[in-house]
Amino acid sequence: CFVAMLASLARSSARAASAVGRRYASTYSLPALPYDVSALEPVVNTEIMTLHHGKHHNTYVTNLNASLEKYAEAEAKGDVATMIALQGAIKFNGGGHVNHTIFWTNLCAPKDAVAPADASPELAKAIEAQWGSIDSFKTEFNTKTAAVQGSGWGWLGYDKSSGKLAIATCANQDPLSTTGLVPLLGIDVWEHAYYLQYKNVRPEYLKQIWQVVNWKNVAERYNAAK
């Protein structure tokens, strides 16, 4: 679930709490990219990656920590109204952090990208069983994700209850886990993810992004979800 994801991320960046008062015990930090900032060229250029990771993702982390600190203070005071008011900021910024942390690992340099069947024959067969072919899956994924109104994400998720894969979209920074699906692959369609390179042509960005999808990472998430 979303809370579990945040807890998992927190464990990698925990710090001691203040000995005085009830303070939030953990802080979140910006994860390093698993590749060079220019590694996704020419599909995603260096300028976009520099801003997207170093500015946008970092802002979500900063605001998440600030919101959780305020929440802890409100909780210590028994200020329920403030605790409720902070839920939106925690969901938005926490979702932004969780989503982007998944996103960076879902991508890789073009030279390191492999076909789904090479990454995991089992995953490839599961996709083909539901969509007929990998290309058909990509077409449906791109169509649904391109149709996201405003800002949001396109996802390939795993439904534990049915044991099947699912394509889903989420608005803004809403985490896929809040829908009951386990996130396997997420594609960011906020304009900051592509506008400097693809302008307002979101479908072209979605067409090209498959060149840098890290199917090995998607397969790892699929195996862990089952």
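**Entry 1: the elements**

I take helices (H or I, at least four residues) and strands (E, at least two) as DSSP runs, numbered from the N terminus. Read that way, the elements of the chain run α-α-α-α-α-α-α-β-β-β-α-α-α from the N terminus on. I noted 10 helices and 3 strands in the chain.

A word on what I am looking at. This is a predicted model, in which local features need pLDDT of at least 70 and side-chain atom pairs count only at pLDDT 80 or more, while totals for chains, interfaces and linings use all residues. Residues are numbered from 1 along each chain as its sequence is written, and side-chain values use heavy atoms, with hydrogens and water left out.

**Entry 2: the chain as a whole**

I looked up burial next (buried means under 20% relative accessible area, exposed over 50%, partly exposed in between, with a 1.4 Å probe and protein chains only). Of the 226 residues of the chain, 46% count as buried. The chain exposes about 10800 Å², and carbon and sulfur atoms supply 53% of that area. Accessible areas come from the Shrake-Rupley method with a 1.4 Å probe; for residues, only the protein chains shown count as cover.

Then I turned to contacts (heavy atoms within 4.5 Å). Among contacts in the chain with a separation of 6 or more, 69% are between residues 24 or more positions apart.

**Entry 3: the sheet**

In what order do the strands of the open sheet lie? I read β2-β1-β3, with antiparallel pairing; two strands pair if DSSP finds at least two bridges between them. The edge strands are β2 (164-171) and β3 (182-188), each of which pairs on one side only. On average, neighbouring strands of this sheet are turned by 25 degrees against each other, direction ignored.

I followed β1 (residues 152-159) first. Strand β1 pairs with β2 over 8 bridges in the antiparallel sense. Between β1 and β2 I found a hairpin with 4 residues in between, and Gly163 in the turn has a positive phi of about 70 degrees. Asp159 stands opposite Lys164 in β2.

On the other side, 6 bridges join β1 to β3, and these two strands run antiparallel. Gly157 was a nice residue to click on: Ala166 stands opposite Gly157 in β2, and Pro183 is the bridge partner of Gly157 in β3.

How many residues of β1 are buried? I noted 7 of 8, so β1 is mostly covered. In β3, 6 of the 7 residues are buried, so this strand is largely enclosed by the rest of the structure.

**Entry 4: two helix pairs**

Two packed helices are described by the angle between their axes and the distance between the axes. The axes are lines fitted to C-alpha atoms, for helices over the stretch in contact, and angles run from 0 to 180 degrees between N-to-C directions.

My first pair was α6 (residues 121-131) and α7 (residues 134-146), whose axes come within 8 Å and cross at roughly 70 degrees. α6 and α7 are therefore roughly perpendicular to each other. For that word, angles under 35 degrees count as roughly parallel, over 145 as roughly antiparallel, 65 to 115 as roughly perpendicular and the rest as oblique. Ala124, Ile127, Glu128 and Trp131 in α6 meet Ile134, Ser136, Phe137 and Glu140 in α7.

My second pair was α2 (residues 46-77) and α4 (residues 87-105), which pack at an angle of about 140 degrees with their axes 8 Å apart. The α2 residues that meet α4 include Met49, His52 and Tyr71, and the α4 residues include Gln87, His97 and Trp104.

I checked the handedness of both pairs. The crossing of α6 and α7 is left-handed, and α2 passes α4 in a left-handed crossing. A crossing is left-handed if the near helix is turned anticlockwise from the far one by less than a right angle, and right-handed if clockwise.

**Entry 5: single residues**

Is Thr145 in helix α7 buried or exposed? Thr145 is buried, with a relative accessible area of 0%. Not counting residues up to four places away in sequence, Thr145 touches Trp153, Gly154, Thr169, Val189, Arg202 and Leu206.

I also looked at the loops. The peptide bond from Glu41 to Pro42 is cis, with omega near 0 degrees, and Pro42 lies in the loop between α1 (2-11) and α2.

Asn172, in the loop between β2 and β3, has a positive phi of about 50 degrees although it is not a glycine. Asn172 is partly exposed, at 38% relative accessible area.

Lys199, in the loop between α8 (195-198) and α9 (202-209), has a positive phi of about 55 degrees and is not a glycine. Lys199 counts as partly exposed at 47% relative accessibility.
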